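Work through the exercises below with the model open beside you. Try each task before reading its solution.

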Amino acid sequence: MNSTPLRKTRLLSASILLLIPLALPAQGTGHAKPSPSSEKGWRLDLRAKAITFFIIEDAFFTTVNLGAELRYNSHSLGIDGSYFRWRWEHDDGDDVAMFERYEKRAYLLFDYKFGFLGWGQNQLYFNSYLKTGTYNEWYSRQDYDLSATDSIRTQNRSDGTFNELGAGLGYKRNYKRSRCGYDISANVAKRFSTTDNLTYSTLTESEFEEDAHTSEIVFYMRLNFYFPLTRPGNPEQMTP
């Protein structure tokens, strides 16, 4: 599996996380002092996103999720249904598309957050999460006269399930009037996978590996937008 797009994605993701604080408006002297949490009471939020983008040339991703988050003071519990897909386009020397490789994950995510530092409408939090879902990898051929090696390669396929347990740090931003906002976190996780792999050695001969078990350390960047479904118990305590 080609790891170059993944390394570049990790570098870009880390850069985005570092740049976010620079984009935030400066806090005036009249704002609240830092505290464990800028919110008090119960609150229920809808959280969601739908994004499609390219990272580098010929590498694209699509991500969609929908879920909810229940907060109480500095603590919150959340659940999401998520879909994530990579698409890599393989070109010839003249930049003509030959075939595409896809990776797709569909999963449920459960997370816990603890806000350890809040000021005004901002909060830093610790995040832990569990993912459980399915994984698929396959190829799609273009109208192109492929070599024998590429023709064999594009018949390969993997299907399976995975569980992922991780933790990290995040930043959350509320917008004062609407109470809508976003949060972003950077996490490190251990992923456990069980896959069925179909691998071709010739155009007609293949090897099937059932229930192959693997584990790996992965980096996970998460972005969510959220919208209030209920007002907090003490809304006046959410304002600077």
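## Exercise 1: Locate a loop residue

N73 belongs to the loop between β2 and β3. The model is a predicted one.

**Task.** Find the phi of N73 and decide whether N73 is buried, partly exposed or exposed.

**Solution.**
- Step 1. Phi of N73 is near 50 degrees, a positive value.
- Step 2. Compare that with the general rule. Most residues other than glycine have a negative phi.
- Step 3. N73 is not a glycine, yet its phi is positive.
- Step 4. Now take the relative accessible area, which is 26% for N73. Buried means under 20%, and exposed means over 50%. N73 is therefore partly exposed, at 26%.

**Task.** Treat D211 in the same way: which element holds D211, and what is its phi?

**Solution.**
- Step 1. D211 sits in strand β8.
- Step 2. Its phi is near 55 degrees, again a positive value in a residue other than glycine.
- Step 3. D211 has 44% relative accessibility, so D211 counts as partly exposed.

## Exercise 2: Lay out the fold

**Task.** List the elements of the chain in order, then state how the strands are arranged.

**Solution.**
- Step 1. Count the elements: two helices and eight strands.
- Step 2. Read them from the N terminus: α-β-β-β-β-β-α-β-β-β.
- Step 3. Follow the pairing. The eight strands close into a barrel, in the order β1-β2-β3-β4-β5-β6-β7-β8. The pairing is antiparallel.
- Step 4. Add the angle. On average, neighbouring strands of this sheet are turned by 20 degrees against each other, direction ignored.
- Step 5. Look at the contacts between residues at least 6 apart in sequence. Of these, 68% join residues at least 24 apart.

## Exercise 3: Trace two hairpins

Strands of a sheet pair through backbone hydrogen bonds.

**Task.** How many bridges join β6 to β7, and how many join β7 to β8?

**Solution.**
- Step 1. Strand β6 covers residues 157–174, and strand β7 covers residues 181–200. They pair over 18 bridges, in the antiparallel sense.
- Step 2. Check the register. T161 faces T194 in β7. N174 stands opposite G181 in β7.
- Step 3. Look at the turn. The hairpin of β6 and β7 has six residues between the strands, and R179 there takes a positive phi near 65 degrees.
- Step 4. Go on to β7 and β8. These strands run antiparallel and are joined by 19 bridges. K190 stands opposite I217 in β8. Five residues connect β7 to β8 in their hairpin.

## Exercise 4: Describe ring pairs

A pair of aromatic rings is described by the distance of the centres and the angle of the planes.

**Task.** What kind of pair do F61 and W86 form?

**Solution.**
- Step 1. The whole structure contains 13 aromatic pairs.
- Step 2. For F61 and W86, the centres are 5.8 Å apart and the planes make 65 degrees.
- Step 3. Planes over 60 degrees apart count as edge-to-face. The pair of F61 and W86 is edge-to-face.
- Step 4. Place the partners: F61 lies in strand β2 (residues 59–72) and W86 in strand β3 (residues 75–91), 25 residues apart. Both are buried.
- Step 5. Widen the view. Ring pairs link F61, F84, W86 and W88 into a cluster.
- Step 6. Charges sit over rings too. R87 lies over the face of F60, 4.3 Å from the ring centre. R173 places its charged end over the ring of Y175, 5.3 Å from the centre.

## Exercise 5: Core and lysine

**Task.** Which residues make up the largest nonpolar core, and is K131 buried or exposed?

**Solution.**
- Step 1. The largest nonpolar core has eight residues: Y107, L109, Y129, Y135, F162, A189, V218 and Y220.
- Step 2. At least two of its residues come from each of β4 (97–119), β5 and β8 (206–228).
- Step 3. Another core lies apart from it, with five residues, including I55, A59, W86 and W88.
- Step 4. Turn to K131, in strand β5 (residues 122–141). K131 counts as buried because its relative accessibility is 4%.
- Step 5. List its contacts beyond four places in sequence: Y107, L108, L109, F162, N163, E164 and Y220.
- Step 6. Finish with the whole chain. Buried residues make up 41% of its 240 residues.

Notes. Residues numbered from 1 in each chain as written. Predicted model: local features only at pLDDT ≥ 70, side-chain atom pairs only at ≥ 80, totals over all residues. Heavy atoms only, no water. Pairing = 2+ DSSP bridges. Helix = DSSP H or I, 4+ residues; strand = E, 2+ residues; numbered from the N terminus. Axes fitted to C-alpha atoms, helices over the stretch in contact; angles between N-to-C directions. Buried < 20%, exposed > 50% of the residue type's maximum accessible area, 1.4 Å probe, protein only. Contact = heavy atoms within 4.5 Å. Phe/Tyr/Trp six-rings, centres within 6.5 Å; stacked < 30°, edge-to-face > 60°. Lys NZ or Arg CZ within 6 Å of the ring centre and 35° of its normal. Core = buried A, V, L, I, M, F, W, Y, C linked by side-chain atoms within 4.5 Å.
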